[in-house]
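The following report describes selected side-chain contacts and the surroundings of the bound ligand. Please consult the sequence and the structure shown here while reading.

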Amino acid sequence: MSLLIHKQLCLIVTGGIAAYKAPELVRRLRDAGAVVKVVMTAAAREFVQPLTFQAVSGQPVHGDLLDPAAEAAMGHIELARWADLVLIAPASADFLARLAAGLADDLATTLCLATAAPILVAPAMNRVMWEHPATQANLVTLRTRGVQAVGPDSGAQACGETGPGRLAELPAIVAAAEHWFSGGELAGVRLLITAGPTHEAIDPVRIITNRSSGKMGYAMALAALAAGASVTLVSGPTALSPPTGSVIKRVTTAAEMYSAVMGAVIEADIFIACAAVADYQVAAPAPHKMKKQGRELTLTLIPTRDILQAVAARPHPPFTVGFAAETENLIQHARAKLTGKGLNLVAANLVGQSGTGFDSDENELHVVWDEGEKQLGRASKDALARRLISVIAEHYRAKHPARA
Ligand code: CTP
């Protein structure tokens, strides 16, 4: 599986003839699983149309630092935070100089100053410009700041000369980008995640279920993949597409989810129970559609098995993480679940408020463990999932240093 899977790459295209190769680079990065947002300098726009990049990246192309629409939301800062890696390809001699000088006079240079993400450059220019002491000195400056370079290659150049300065071959650029992620927080770790609601049949057409959308569990799977983990997702009925690269096991009932988890848990290093599993199932679902009787109807419900508790009670349990959705006394209830079910971590959120929790795009999480707790704040489920995966990775590594 590619290390670029679900990685967020910001590709800065600068002005040079090799810019014509950049749309193909976007395609290859996306084939490797990356999400690519393109930023073009003014000179790059003279070589390739932004529309080309928009089409191949499937994302809006950014170019203007002073775009009022984007900057209303501090677009350049948002982009700088969004990127897992900033890749500059092709990187012109002029851009390397501006980067080395720390300029911030356009979106591309501002982004490079504002980001905490690593920066990878793929220089491309005329061989004399490449060999010029000014360019070489800029490269040294950039390297001392942690910027890495891939290429340039030697060979025939667009200007008719032969020598160093050709843009590195595209597979080499993709491999260099992948290299940054070879030490992901969960590289080599196997995760098993449950997500979504369950459906418990009353009769062949009626069910008991809950308002879980599965978004948090799917976001956790995505964030785990991005951190280098391999992921098996046991999902109840949802309308979501499973993240590319995950193994998906679809189930309907709590009993099916229990069996799917128990069948897969032996191969898991970490188990995260995001699913909103029904606590009860109908004792005897009717084999045929029940006809209305016009009088009171009593359904007998029996408890389902607690999947999370069963996993934690295994002789050699994986690192086990539960969720606690509560309407009051959040921390107390979360701690009761932590000790009651014998878990390593509990991620707790308040439900019953508008805008967070079930079926919404945002959430607010508080993580508790034996000796401590951490507030992860309120954010989109995707952003929170990344924060939570980071906390889980830190605790998992502390418990299993030998596997780090
Ligand atoms: N869970 C599970 N299997 C179940 C029920 C719950 O794996 N049959 C998991 C959920 O995925 C979640 C955690 O247990 O990670 C908490 O679920 P919740 O239903 O809130 O807790 P309960 O133990 O059922 O307690 P209560 O409903 O009283 O709050």
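In this predicted model, a polar atom of the Ser 212 side chain lies 3.4 Å from the backbone nitrogen of Gly 214. Ser 212 belongs to the loop that runs between strand E10 (206–208) and helix H11 (215–226). Its relative accessibility is 14%, and because the limit for a buried residue is under 20%, Ser 212 counts as buried.

**Aromatic and charged side chains**

The count of aromatic pairs comes to 1. Phe 319 and Tyr 396 form this pair in an edge-to-face arrangement, with 6.2 Å from centre to centre and 85 degrees between the planes. The pair links distant parts of the chain, as its members are 77 residues apart: Phe 319 is in strand E16 (residues 319–326) and Tyr 396 is in helix H15 (residues 381–399). Are these two rings buried or exposed? Phe 319 has a relative accessible area of 3% and is buried; Tyr 396, at 1% relative accessibility, also counts as buried.

Charged side chains also lie over aromatic rings. Lys 37 is placed over the face of Trp 82, at 4.4 Å from the ring centre. Arg 305 is placed over the face of Tyr 258, at 3.9 Å from the ring centre.

**The ligand and its shell**

The ligand is surrounded by 13 residues, of which the closest are Ala 273, Ala 275, Phe 323, Lys 337 and Lys 341. By residue class, the shell divides into 6 nonpolar, 2 polar and 5 charged residues. Polar backbone atoms of the protein approach oxygen atoms of the ligand at the distances listed below.

| Residue (backbone atom) | Ligand atom | Distance |
|---|---|---|
| Ala 273 (N or O) | oxygen | 2.7 Å |
| Leu 308 (polar atom) | oxygen | 2.9 Å |
| Phe 323 (polar atom) | oxygen | 2.8 Å |

Taken alone, the ligand exposes 570 Å², and the protein buries 73% of that area. Which elements give two or more residues to the shell around the ligand? They are helix H13 (307–312) and strand E16. Strand E16 thus appears in two parts of this account: Phe 319 of the aromatic pair is in E16, and E16 is one of the elements that give two or more residues to the ligand shell.

Note on methods: Residues are numbered from 1 along each chain as its sequence is written. This is a predicted model: local features need pLDDT of at least 70, side-chain atom pairs count only at pLDDT 80 or more; totals for chains, interfaces and linings use all residues. Side-chain values use heavy atoms; hydrogens and water are left out. Helices (H or I, at least four residues) and strands (E, at least two) are DSSP runs, numbered from the N terminus. Buried means under 20% relative accessible area, exposed over 50%, partly exposed in between (1.4 Å probe, protein chains only). A polar contact is a pair of N or O atoms within 3.5 Å; within protein, one must be able to donate a hydrogen and the other to accept it, and residues adjacent in sequence count only if both atoms are side-chain atoms. Rings of Phe, Tyr and Trp (its six-membered ring) pair if their centres lie within 6.5 Å; planes under 30 degrees apart count as stacked, over 60 as edge-to-face and the rest as tilted. A charge sits over a ring if NZ of Lys or CZ of Arg is within 6 Å of the ring centre and within 35 degrees of the ring normal. A residue is near a molecule or strand if one of its heavy atoms lies within 4 Å of it. Accessible areas come from the Shrake-Rupley method with a 1.4 Å probe; for residues, only the protein chains shown count as cover. Ala, Val, Leu, Ile, Met, Phe, Trp, Tyr, Cys and Pro count as nonpolar, Asp, Glu, Lys and Arg as charged, and the others, Gly among them, as polar.
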